[in-house]
Amino acid sequence: MSQTWAYISNYSIYSAMAVFTLSFFAHAYETAWAVRAPQSADSTDGNLITKTLDYTRTEKAARIATAMMILGFILLFAGVIARGISAHRVPWGNMYEFSITGALAFTGAYLGALRKYDLRWLGLLVSIAVLLTLGTAVAVLYRPSAPLVPALKSTWLVIHVSAAIISGGVFLLANVIAGAYLYLDSMERKGPRAVWAQRLPSLEVLDQLSYRLVAFVFPLWTFAVIAGAIWAESAWGRYWGWDPKETWAFITWVAYAAYLHARVTIGWRGRRAAWLCLFAGSTFLFNYIYVNIYGTGKHTYSGL
Amino acid sequence: MSKEIVLPELGATGLLRYSWRQLTSMRTALILLLMLGVAAIPGSLIPQRDQNPMKVREYFSNSPSLAQWMDRVSLFDVYGSPWFSAIYILLFISLIGCVLPRSVEHFHAARALPPKTPKNLDRMEFYSTWNAQGDEIEKAYALLKAKRFRILRENNAISAEKGFTRETGNLFFHLSLILILIGVGFGSLFGMRGDAIVNVGERFINVPTTYDSLKFGKLLSEKALPPFVITVDNFVAKYNTLTNAPEDYTLNVSVIDKPGAPSVKKTVKVNSPLRFGSTNVYLQANGYSPIVTVRDRVGNVALQGPVPFLPQDGNLRSIGAIKVPDADPQIGFVATFLPTQARDSVQGGISVFPEALDPKMLFSIWRGDLGLNTGIPQSVYRIDTSKMERIGLESLKPGESFSYEGGSITFEGYVPWVNLQVVRDPGKNYALLGGIVAILGLLASLFTRRRRIWIRISDSGKVEVAGLAKNAAPGLEVELEKLVTLLKGEK
């Protein structure tokens, strides 16, 4: 019975990856084919060829891309749920499960933000990131579905880990946007934006957006750390012990706190703020990747 | 003619004031905050004494001079080091110096009325105007009052302000961090932490001598240990038959809270410790104690009972030392206990499952001086065999005996042991309270907007509505549009 659910989970996740790949191609098509070279007769003034953007031609591709993203999200959601059913617990017991849930949270954050902002330009990056995460999870991190070790058997697993995963998804989205900011900013310093980049929002909008995402999710991250401390008090006999994972969660917290202060109190904007945002986000990634794999602390459980 | 620039004399108080301003400036606080983050890094990459003393010892034996140098700059105790402490103490002083004056200021500002309506409202970010009907001020007053704005009424104008919760939340957030620090400090000064290995069937009496290791906070007296007694009735560990990973540990105990109190049966699990006020007892580790009987040449018992062994891997292959100091000459057994034995061509005897399905004990027998009287503290799991000679090598199953020159050993069986960790932390509730207030304050400060709204009927009979949001917070435009619609009476 539980074996069947484990298979259902695996197949849902493979299907989600296939669908995300389609979404990736549709996004790539949209980004590339919207750039239109002029009809040869239009402009022959020297070597200068003015390219323009024409989204009417790629509207269909864009719709397909987003539809595929939603379908991938649903399949991934089914995969995560089936994994939980197969193991009779929340599917957050090892790194494979964190990765598939993290990819789900990241896609969810993107689709959620898409309802409010025109973020379709970001879809290409999102689909790449999700495919990389899922690919690593399936190829490297996969472990058969199994029950939890005693220390993880607690209601706090649901509370602490879900808060951490959602925060991570949003932090990474903010990071992608800060990265886009820096890239476009250096592009604009050299001259006007390349044609394909013209549909991307203005630098001010990107700057604000990454800040909003961080400000929105920082309390949740604080909550994740505190919930972890409460759990650690009942499982390990102390609420804070400078375990490597705890230390890096603290470093991430401090880095984002510094980012928020730099913006709100000192008034940092633009490049400096984006770099600080990237730095803070990289501490989160380091915690997830390095500490999980090479760490020696209490957050390492059997087989990742 | 001197071209020297004459600096004004600062003086001692001036210098102090200058340093204080520097320390409490936002820029310094930000630098200290980032420094704190960076300073926390080495402790996560280099083994720390508190968490991993074995690894630290490895550093010392592998490269002593480097390790000594690292120890001198506290790289093995980063979070208690002078430099780490210096950063967070400075940060907290800076924080207090910043937050306290702001709290006082905010306390006054929150009770004051908003400032008068400025003359030129059309310069505000949001502005709209139309011909007045006359009752707009009254209507606006009622609407804004209902939305809990604080309002200053003037002759023909209203000045309203809302969103003080933002600063209140902000201040509470920062004050709560101080509370967390107090909780941590209080816990470490008045707390204690100790470990004791107890065999199933044995009693643990909460006095300093029963502990294997014990640490007291600086301001806690040893007499403060609550006088409870715990009898370990039984311990059950369940393992997954496919992955060998543990699935459940259940420890059943009988507890006597204080002398004379009745004995109460209780269950301890990994996530549910025993709680005695601010003292908790945790189930932290478990292993096996082989039960042995060692007899001398004539058959008198020289040693009898369970001897705790130290697990080495997930399948609980455990090492231990059976020391018989009363034998003459002294006898020692360097032993390995395999709960489910198997042979590996490279490693020799191994265990393939953590439950004791097919137990076996392998040992070598040593005769000579155990070195117990040298004054050098010794591990109970190891024997210093430098002054001993090996006289035998054997493996036994439960119930079997082996005779060697000068005596015999019987492997009677085994009992599980559990490691009880006793922790007293009277500061943790303050830290928890601080954490909760921090989150609430953060939510309040990040999700409320401070803004001012003005409504005026000018002499020429026009209504003017204007607004200003602090920190360019979004949403004011929508709010004002709604207000304007309501004031105009449009449906």
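Which residue of E23(B) does B:Arg452 stand opposite? I looked this up as my opening entry, and I found that B:Arg452 stands opposite B:Leu468 in E23(B). I note at once that this is a predicted model, and my entries should be read with that in mind.

**Entry on confidence**

I checked how far the predictor trusts chain B, and its mean pLDDT is 89, with 97% of the residues reaching 70 or more. Among the elements of chain B, I found the lowest mean pLDDT, 82, in helix H1 (residues 11-23), while the highest, 95, belongs to strand E9 (residues 264-268). For the model I wrote down an ipTM of 0.85 and a pTM of 0.85. I keep a general caution beside these values: where pLDDT is low, the predicted coordinates should not be read in detail.

**Entry on strand E23 of chain B**

I returned to strand E23(B), which spans residues 462-469, and I saw that it is mostly covered, since six of its eight residues are buried. I then looked up its pairings, and I found that seven bridges join E23(B) to strand E22 (residues 451-457) of chain B, the two running antiparallel. Strand E1 (residues 126-131) of chain B is also joined to E23(B), here by six bridges and again in an antiparallel arrangement. In this second pairing I picked out B:Asn131, whose bridge partner in E23(B) is B:Lys462. E22(B) and E23(B) form a hairpin with four residues between the strands, and there I noticed that B:Gly461 takes a positive phi near 80°.

**Entry on the four-stranded sheet**

I next followed an open sheet of four strands in chain B, whose order is E5-E7-E8-E9 and whose pairing is antiparallel. E5 (203-205) and E9 of chain B stand at the edges with a single partner strand each, so one side of each is left without a neighbour in the sheet. From one strand to the next, the twist averages 30°. I looked more closely at the edge strand E9(B), which is joined by five bridges to strand E8 (residues 246-256) of chain B, running antiparallel. Within E9(B), I found B:Lys265 opposite B:Ser254.

**Entry on helix packing**

I compared no values here, but simply recorded two helix pairs, beginning with helix H2 (residues 26-45) and helix H5 (residues 82-111) of chain B, whose axes come within 9 Å and cross at roughly 150°. H2(B) and H5(B) are therefore roughly antiparallel to each other, and I noted that their crossing is left-handed. My other pair joins two chains: helix H6 (residues 203-235) of chain A packs with helix H8 (residues 428-447) of chain B at an angle of about 165°, their axes being 9 Å apart. That angle makes H6(A) roughly antiparallel to H8(B), and the crossing of H6(A) and H8(B) is left-handed.

**Entry on A:Val138**

Is A:Val138 buried, partly exposed or exposed? I placed A:Val138 in helix H4 (residues 123-141) of chain A, and I found that A:Val138 counts as partly exposed because it has 16 C-beta neighbours inside 10 Å. I also looked up A:Glu30, which lies 108 residues from A:Val138 along the chain, and their C-alpha atoms are separated by 28 Å.

**Entry on domains**

I ended with the division of chain B, which gives domain 1 (18-106), domain 2 (113-163 + 449-488) and domain 3 (288-414). Taken over C-alpha atoms, the centres of domain 1 and domain 2 of chain B are separated by 49 Å.

Methods:
Residues are numbered from 1 along each chain as its sequence is written. Chains are lettered from A and ligands numbered from 1 in the order in which they are written. This is a predicted model: local features need pLDDT of at least 70, side-chain atom pairs count only at pLDDT 80 or more; totals for chains, interfaces and linings use all residues. A residue is buried if 20 or more other C-beta atoms lie within 10 Å of its own, exposed if 12 or fewer, and partly exposed in between; C-beta atoms are placed from the backbone. Two strands pair if DSSP finds at least two bridges between them. Domain bounds come from an automatic or database domain assignment. pLDDT is the predictor's confidence in each residue, from 0 to 100. Axes are lines fitted to C-alpha atoms, for helices over the stretch in contact, and angles run from 0 to 180 degrees between N-to-C directions. Angles under 35 degrees count as roughly parallel, over 145 as roughly antiparallel, 65 to 115 as roughly perpendicular and the rest as oblique. A crossing is left-handed if the near helix is turned anticlockwise from the far one by less than a right angle, and right-handed if clockwise.
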